[in-house]
Amino acid sequence: MNPQKIYILGIESSCDDTSAAILCNGKVLSNVVASQKIHEQYGGVVPELASRAHQQNIVPVIDQAIKQAGITKEDLNAIAFTRGPGLMGSLLVGTSFAKSLALALDIPLIDVNHMQAHILAHFIEEEGYQQPDFPFLAMTISGGHTQIVQVNDHFDMDVIGETIDDAVGEAFDKSAKLLGLPYPGGPLVDKYAQQGNPKAFQFPKPKVGDLNFSFSGLKTAVLYFIQKKVKENPKFIEENLYDICASLQYTIIGILVDKLKKASKQTGIKRIAIGGGVSANSGIRNAMKEGEGKFGWETFIPKFEYTTDNAAMIGIVGYLKYLKGEFTDMSVVAKARIKI
C-alpha cells in the first residue's frame, strides 16, 4: 500500500440514517447511506426503532462502503465515528461497532463531534468546490440543531448564536404535520412553496435577543392560524396549501437571514457557509446566493449529499484529526449531548 494514501472509514449513526464512507486523503471514495422508512408511520423518529434498525444496517452498509471504494478493511488507517450529539441508542450502535473493528484491525480510533462534522464537510475535496478561508461564519440548520458558529480554524470554533428551544427543521416538519403532510414534511413544504405566493399569509417572527433563535412560538402561531382558518372553511388547507407553504418558508428564511446579517455585521466576517439537512432547502440556498449581491457575502454551500447526515463528513473530520495525531482510546463513550 502507498504510504502516502491515508484511508479513513467514517461511521455515522446519530439519528435515523446509518452511513459509512471511505475517504482517501480528504477525497470521498464511497458514501453509503441507509435510511429508515419505519418512522414515517409515526410522524417522527422513534429512538428505540432507530437503534434497532442501525443494528440491522451497520454491517452491510460498512461492507458496501469498503467494496465501493475498491479497498479491503486491511487497507484502513483509522476509523472515525460519531460520538455525539444524537440519540443515545443510535450512537451506541455506531460507537460499539467502531471500537470493535478498530480493536480487531489494531488501528487508531477517532471520535467525532457531529456538529463539527457538518461544518467541516466544507473541507471534503471536491473538484470545482472552493473551500472557505478562515475565519468564516457557519450556520448549521437541521432537524435537531440551529446554530451560528464562528470558525477560526478546523478545530477552533465559537458558537455565537443558537436556538433556545426548537430547531428550524422541527419547525418545518411540525408545521407540515399540521397541514396533513407526511413525515418528513420539510422537503414537501419546500416543494409546494415553489408554486405558492410567499406573501399570501403573514406569520410572526419571534423576538429573540442577539444572535439566538426561537421557533416554538412560530409553530404555535401556525397551529392557531390553521385551526382558525379551517373552522371558517374546512377546505382551507386543500385550497391554499401552496400559499401556506410559501408563506411559512418565507418567514423561516427571513428569520435565518436576519440573524446571519446581524452576525456578519457584529463579527465583520462576510464568508458564510451553511450545513445540516435543512440547508438542502432550495429557498434557503437561493437566499444565500442573493446575499452575495445584497450584503457582499461570499457563500459556501456543500453538495446536497454532504448536507444531510452522512459518513463522508465524519470521515473528513477523522482525516483532519489523523493528521494531527488526535486519537481516542477504548474507554470512549457515546454522548447524547456534546458542545462544539
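Are K321 and D111 buried or exposed? Both K321 and D111 are buried, and their side chains meet in a salt bridge. The model you are looking at is predicted, and this briefing walks you through its sheet, a helix that packs on that sheet, some charged pairs and a few unusual spots in the backbone.

**A sheet of five strands**

- Start with the open sheet, whose five strands run in the order β8-β7-β6-β9-β10. The pairing in this sheet is mixed.
- In general, the strands of a sheet pair through backbone hydrogen bonds, and they do so either parallel or antiparallel.
- At the edges you will find β8, residues 156-162, and β10, residues 298-300. Each of these two strands pairs on one side only.
- Ignoring direction, neighbouring strands in this sheet are turned against each other by 25° on average.
- Take a look at β7, which covers residues 146-153. Strand β7 pairs with β8 in the antiparallel sense, over six bridges.
- To trace one pairing by eye, find Q147 and then its bridge partner in β8, which is E162.

**A helix on the sheet**

- Helix α7, residues 236-267, packs on the sheet. The strands that α7 touches are β6, β7, β8 and β9, the last of these being residues 271-275.
- The direction of α7 makes an angle of about 155° with that of β6.
- One residue to find in helix α7 is K259. K259 is buried yet has no salt bridge.
- Which side chain of opposite charge is nearest to K259? It is that of D210, 7.2 Å away. A salt bridge needs a side-chain nitrogen of Lys or Arg within 4 Å of a carboxyl oxygen of Asp or Glu, so this pair does not count as one.
- Setting aside neighbours within four places in sequence, K259 is in contact with I148, V208, G209, D210, L211, N212 and F213.

**Charged pairs**

- How many salt bridges does the count come to? The count comes to 14 salt bridges.
- Back to the opening pair: between K321 and D111 the N to O distance is 3.9 Å. K321 sits in helix α9, residues 311-324, while D111 sits in strand β5. This pair links distant parts of the chain, with the two residues 210 residues apart.
- Another salt bridge joins K205 and D258, whose closest N and O atoms are 3.1 Å apart. Because K205 is in the loop between α5 and α6 while D258 is in helix α7, the pair ties together parts that are 53 residues apart in sequence.
- K205 is partly exposed, with a relative accessible area of 41%. D258 is also partly exposed, at 35%.
- E290 and K294 form a salt bridge too, and here the closest N and O atoms are 4.0 Å apart. These two residues are four apart in helix α8, residues 282-295, so about one helical turn separates them.
- E290 counts as partly exposed at 45% relative accessibility, whereas K294 counts as exposed at 60%.
- Some salt bridges share partners, and in this way D166, E170, K174 and K219 are joined into one network.

**Unusual spots in the backbone**

- Most residues other than glycine have a negative phi, and most peptide bonds are trans. With that in mind, here are four places to visit.
- F134 and P135 are joined by a cis peptide bond, with omega about -10°. P135 is in the loop between α3 (114-120) and β6 (136-141).
- The peptide bond from Y183 to P184 is cis, with omega near -10°. Look for P184 in the loop between α4 (168-178) and α5 (186-193).
- D106 is not a glycine, yet its phi is positive, near 55°. D106 lies in the loop between α2 (88-105) and β5 (109-113). With a relative accessible area of 70%, D106 is exposed.
- D210, which you met beside K259 as one of its contacts, is not a glycine but has a positive phi of about 55°. D210 belongs to the loop between α5 and α6, the latter being residues 216-232. At 43% relative accessibility, D210 counts as partly exposed.

Notes
Residues are numbered from 1 along each chain as its sequence is written. This is a predicted model: local features need pLDDT of at least 70, side-chain atom pairs count only at pLDDT 80 or more; totals for chains, interfaces and linings use all residues. Side-chain values use heavy atoms; hydrogens and water are left out. Buried means under 20% relative accessible area, exposed over 50%, partly exposed in between (1.4 Å probe, protein chains only). Two strands pair if DSSP finds at least two bridges between them. Axes are lines fitted to C-alpha atoms, for helices over the stretch in contact, and angles run from 0 to 180 degrees between N-to-C directions. Contact means heavy atoms within 4.5 Å. Lys and Arg count as positive and Asp and Glu as negative; His and the chain ends are not counted.
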